[in-house]
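Here is a colleague's note to be read alongside the structure. The points begin with the cysteines, move on to the charged pairs and finish with the two DNA strands.

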2 protein chains.
Amino acid sequence: MRADARRNVDALLRAAATVFDRLGVEAPMRTIAAEAGVGVGTLYRHFPQRSDLVKAIMQREVDNCVVAAATLGGSEPPGAALAEWVQRLVDLASTKRGLGPALHSGDPAYQALPNYVLGQLTPALRGLLDAAAAVGEIRADVDARALLLAAMRLAAPASDGDVDEARRMVALLIDGLRFQASALAKAPPG
Amino acid sequence: MRADARRNVDALLRAAATVFDRLGVEAPMRTIAAEAGVGVGTLYRHFPQRSDLVKAIMQREVDNCVVAAATLGGSEPPGAALAEWVQRLVDLASTKRGLGPALHSGDPAYQALPNYVLGQLTPALRGLLDAAAAVGEIRADVDARALLLAAMRLAAPASDGDVDEARRMVALLIDGLRFQASALAKAPPG
DNA sequence: TTGATAAACGGAACAACGTTCCGTATAAAT
DNA sequence: ATTTATACGGAACGTTGTTCCGTTTATCAA
C-alpha cells in the first residue's frame with residue numbers, strides 16, 4: 001500500500017469522526033473529504049460505502065468493550081461485572097454520538113456494521129451472563145444477542161446527552177434478570 | 001376549506017401511509033405526490049414538512065393507545081394492565097413499520113412528532129404506573145416519560161418483523177419494576 | 001539519478017431528490 | 001355569469017450521492 005494512500009485513509013477516518021460528531025452520520029460526503037483535505041474520489045475509493053467509514057471508526061471502541069468484559073469478569077462478582085459492563089455500552093453510545101441512528105435505520109447499507117458489532121460483543125456478554133447464571137444471581141434463559149440489542153437500544157438516548165436516564169433504564173433491564181432468578185428461587189419448578 | 005383541498009389532503013395521507021410502508025419514511029416526496037395523483041406543490045402546501053405527514057398518520061394510532069389504557073386500567077389488576085398496555089406499544093411499532101427511524105433520528109424536523117406522541121402516551125402510562133404502585137406491585141420511583149421512551153425503543157425491532165423478541169424485552173423491563181418492589185419489601189429502608 | 005509504471009489523486013459531471021415559485025385552473029360567492 | 005380568492009401543477013434551482021477519467025505521484029529498477 002502506498003504511503004500517500006495510508007496517510008489519506010488515516011486523515012479520512014479522523015475527519016469522518018469529527019464531522020459525524022458535528023453533523024451526524026448523514027453528513028455530506030463532500031464535507032468529510034474537505035475536512036480531510038482530499039477529493040471525493042479518494043474518499044469513495046477507500047470507503048465505497050458510508051457504512052465502511054462508520055465501521056472503521058467504531059471498531060476500536062468495540063474492541064475496547066470486548067477486553068473490558070474479560071477484565072471485569074476476572075475482577076468482580078459475576079452479577080456486578082455484568083451490571084458494570086452493560087453500563088459501558090452506554091458510554092459507547094454517548095461517545096459515538098450520532099452513529100446510533102445509522103445502526104437502527106434499517107437501511108441495508110448499514111447491515112454490515114451491526115453484524116460486526118454484535119458479532120464482537122455478543123460472546124463477551126454471553127460470558128458474563130453464563131458466569132452470573134452459574135451462581136444463581138440471574139435467570140439463565142435469556143439470549144445474549146437479544147439482550148445486547150435491547151441494551152444498545154436503551155443506551156441510545158445517551159447520544160442526546162441524557163446519559164443518566166440511559167443508565168437507569170439499562171440498570172432496570174438487568175434488574176429484570178435478577179427478578180426472575182429470585183422468583184424461581186422462591187418457587188422452584190416441579 | 002375548499003372541497004378539492006380536502007379531497008387532496010385525504011388522498012395524500014392515504015398515499016403517504018402506503019408509500020412509507022413500502023419505502024420507509026425517507027421515501028421521495030415526488031413518489032407520494034404521484035401516488036396521490038397530485039403535484040408536489042400541493043403536497044408541500046398541505047404538509048410543508050415531512051414530519052407533518054408522519055404526525056397526521058400516527059395520530060389515530062396514538063389516540064387508540066390512549067383509550068386502551070383507560071379500558072385496561074378499568075378491567076384488569078393494575079400490574080397486568082400495565083404489562084398488557086406496554087405490549088400495545090409493540091403493536092404500534094410493528095403496525096407503523098419504518099416510522100421508528102424518524103422518531104429516533106435526532107433530526108430537528110421530527111421533533112414535533114415525538115413530543116406529540118409522548119404528550120399523549122405519558123399520562124396514560126402514568127395512570128397505569130400509579131395504580132400498580134399504589135397496590136405495591138411495582139416500585140414507585142420511575143418516571144413515566146422515561147419508561148415510555150425506553151419501552152418504545154425496545155419495541156423498535158418489531159418494525160423488522162421480529163415482534164416476539166420485542167415482546168420479551170419489554171416484558172423484561174416491566175419485570176425490572178417488579179424486582180425492586182419485592183426487594184424493598186424484603187429489606188425495608190431504615 | 002533517472003525513467004518507467006502502476007497506483008492513487010482530484011474534481012468535473014451526471015443523476016436523484018428536496019424545495020420554491022408562479023402562471024393557470026377552479027371552487028365558491030354574488 | 002362574473003368575480004375573486006383559493007388551490008393546483010410542474011418547471012426550475014440548489015444540494016448531495018456517486019462515477020469517471022485525465023493528471024499526479026510514489027515506488028522501483030537500471
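1. A:Cys65 is buried, with a relative accessible area of 1%, and B:Cys65 likewise counts as buried, at 2% relative accessibility. Please keep in mind throughout that this is a predicted model. The count of disulfides over all chains comes to 0.

2. Over the whole structure, the search finds 12 salt bridges across all chains, and three of them are taken up here and in the next two points. In chain A, the side chains of A:Arg139 and A:Asp141 meet in a salt bridge with an N to O distance of 2.7 Å. The two partners sit in contrasting surroundings, since A:Arg139 is buried at a relative accessible area of 17%, whereas A:Asp141 is exposed at 54%.

3. In chain B, a salt bridge joins the side chains of B:Arg2 and B:Asp4, with 2.9 Å from N to O. B:Arg2 is exposed, with a relative accessible area of 62%, while B:Asp4 is partly exposed, with a value of 27%.

4. Also in chain B, the side chains of B:Arg22 and B:Glu35 meet in a salt bridge at 3.5 Å, N to O. This pair links distant parts of the chain, with B:Arg22 in helix α1 (residues 3–23) and B:Glu35 in helix α2 (residues 29–36), 13 residues apart. B:Arg22 counts as exposed at 52% relative accessibility, and B:Glu35 is partly exposed, with a relative accessible area of 40%.

5. Which residues come nearest to DNA strand C? Of the 23 residues around this strand, they are A:Arg2, A:Asn8, A:Arg45, B:Arg30 and B:Arg50. Both chains contribute to the surface near DNA strand C, where α1 (3–23) and α3 (40–46) of chain A, together with α1, α2 and α3 (40–46) of chain B, each supply at least two residues. The largest share, 5 residues, comes from α3(A), and by class the surface has 9 nonpolar, 6 polar and 8 charged residues.

6. The contacts with DNA strand C involve bases as well as backbone: of its atoms within 4 Å of the protein, 53% belong to sugar or phosphate and the rest to bases. On the base side, a polar side-chain atom of A:Arg2 lies 2.6 Å from a base nitrogen, and a backbone N or O atom of A:Gly41 lies 3.2 Å from a base oxygen. On the phosphate side, a polar side-chain atom of A:Thr42 lies 2.7 Å from a phosphate oxygen of DNA strand C.

7. Around DNA strand D there are 23 residues, of which A:Arg30, A:Arg50, B:Arg2, B:Asn8 and B:Arg45 come nearest. The surface near DNA strand D draws at least two residues from each of α1, α2 (29–36) and α3 of chain A and from each of α1 and α3 of chain B. Here the largest share, 5 residues, comes from α3(B), and the residues divide into 9 nonpolar, 6 polar and 8 charged.

8. Of the atoms of DNA strand D within 4 Å of the protein, 54% belong to sugar or phosphate and the rest to bases. Among the phosphate contacts, an N or O atom in the side chain of B:Asn8 is 2.3 Å from a phosphate oxygen, and a polar side-chain atom of B:Arg45 lies 2.3 Å from a phosphate oxygen. Chain A takes part through A:Tyr44, with a polar side-chain atom 3.2 Å from a phosphate oxygen of DNA strand D.

Methods. Residues are numbered from 1 along each chain as its sequence is written. Chains are lettered from A and ligands numbered from 1 in the order in which they are written. This is a predicted model: local features need pLDDT of at least 70, side-chain atom pairs count only at pLDDT 80 or more; totals for chains, interfaces and linings use all residues. Side-chain values use heavy atoms; hydrogens and water are left out. A disulfide is a pair of cysteine sulfur atoms within 2.5 Å. Buried means under 20% relative accessible area, exposed over 50%, partly exposed in between (1.4 Å probe, protein chains only). A salt bridge is a side-chain nitrogen of Lys or Arg within 4 Å of a carboxyl oxygen of Asp or Glu. Helices (H or I, at least four residues) and strands (E, at least two) are DSSP runs, numbered from the N terminus. A residue is near a molecule or strand if one of its heavy atoms lies within 4 Å of it. A polar contact is a pair of N or O atoms within 3.5 Å; within protein, one must be able to donate a hydrogen and the other to accept it, and residues adjacent in sequence count only if both atoms are side-chain atoms. Ala, Val, Leu, Ile, Met, Phe, Trp, Tyr, Cys and Pro count as nonpolar, Asp, Glu, Lys and Arg as charged, and the others, Gly among them, as polar.
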